[in-house]
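Biologist: Got a minute to go through this one with me? Put it up and we'll start.

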Amino acid sequence: MNPDEGLRCPVCREGLRLQQQPGRPDRLGCDAGHAFDAAKQGYFNLLAGKGTNFKEDGAQMVAARASFLDAGHYESLAEALGLRARKALRGYEEPRILDAGAGTGYYLRQVLQALPGFSSASAVALD
């Protein structure tokens, strides 16, 4: 991930880059040395400073949500979102997609699957 892809450090506003080292969790870091490790579930918490304590969903809650979505209860909605995204992004060579309130990433996955002609699309999921 390059800094020009839009992710900025919440501390200093420098571009964030994905840093990968064998045997270590992925990390997002900036040139100023600020770093954010990936959680075991694969997401990055970019909250910084005092007052940023939050209570994440537990493993059971995440598993229950994934099971519900995988059962297809909202599949028609996800397909409709994908269709609308494909129509909205016509004419863009390298679209950037932001999913704010992404949860498990279910809908973003569906949208990206609906964009097979966009090999250079990039996406960020925030929750």
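Modeller: Sure. Keep in mind that this is a predicted model. Let's start with Leu77, which sits in helix α2.

Biologist: Is Leu77 buried, exposed or partly exposed?

Modeller: Partly exposed, because its relative accessibility is 45%.

Biologist: Which residues form a nonpolar patch with Leu77 on the surface?

Modeller: Phe68, Tyr74 and Leu81 join Leu77 there. Together the four have about 360 Å² of accessible area.

Biologist: Now α3. Which residues are buried in that helix?

Modeller: Helix α3 covers residues 106-113, and Tyr106, Leu108 and Val111 are buried in it.

Biologist: What covers the buried residues of α3?

Modeller: The cover includes two helices, α1 (59-70) and α2 (75-88). It also includes β4 (96-100) and β5 (122-126). So α2, the helix that holds Leu77, is part of that cover as well.

Biologist: Switching to cysteines. How many disulfides does the count come to?

Modeller: The count is 0.

Biologist: Why is there no bond between Cys12 and Cys30?

Modeller: Because the sulfurs are 3.7 Å apart, too far for a bond. A disulfide needs the pair within 2.5 Å. For Cys12, the sulfur of Cys30 is the closest cysteine sulfur. Looking from the other side, the nearest cysteine sulfur to Cys30 is that of Cys12.

Biologist: And the burial of Cys30, what is its relative accessible area?

Modeller: It is 7%, so Cys30 counts as buried. Cys12 has 28% relative accessibility and is partly exposed.

Key:
Residues numbered from 1 in each chain as written. Predicted model: local features only at pLDDT ≥ 70, side-chain atom pairs only at ≥ 80, totals over all residues. Heavy atoms only, no water. Buried < 20%, exposed > 50% of the residue type's maximum accessible area, 1.4 Å probe, protein only. Helix = DSSP H or I, 4+ residues; strand = E, 2+ residues; numbered from the N terminus. Contact = heavy atoms within 4.5 Å. Patch = residues over 30% accessible without salt bridge, like charges linked within 9 Å, V, L, I, M, F, W, Y side chains within 5 Å. Areas by Shrake-Rupley, 256 points an atom, 1.4 Å probe, with all protein chains shown as cover. Salt bridge = Lys/Arg side-chain N within 4 Å of Asp/Glu carboxyl O.
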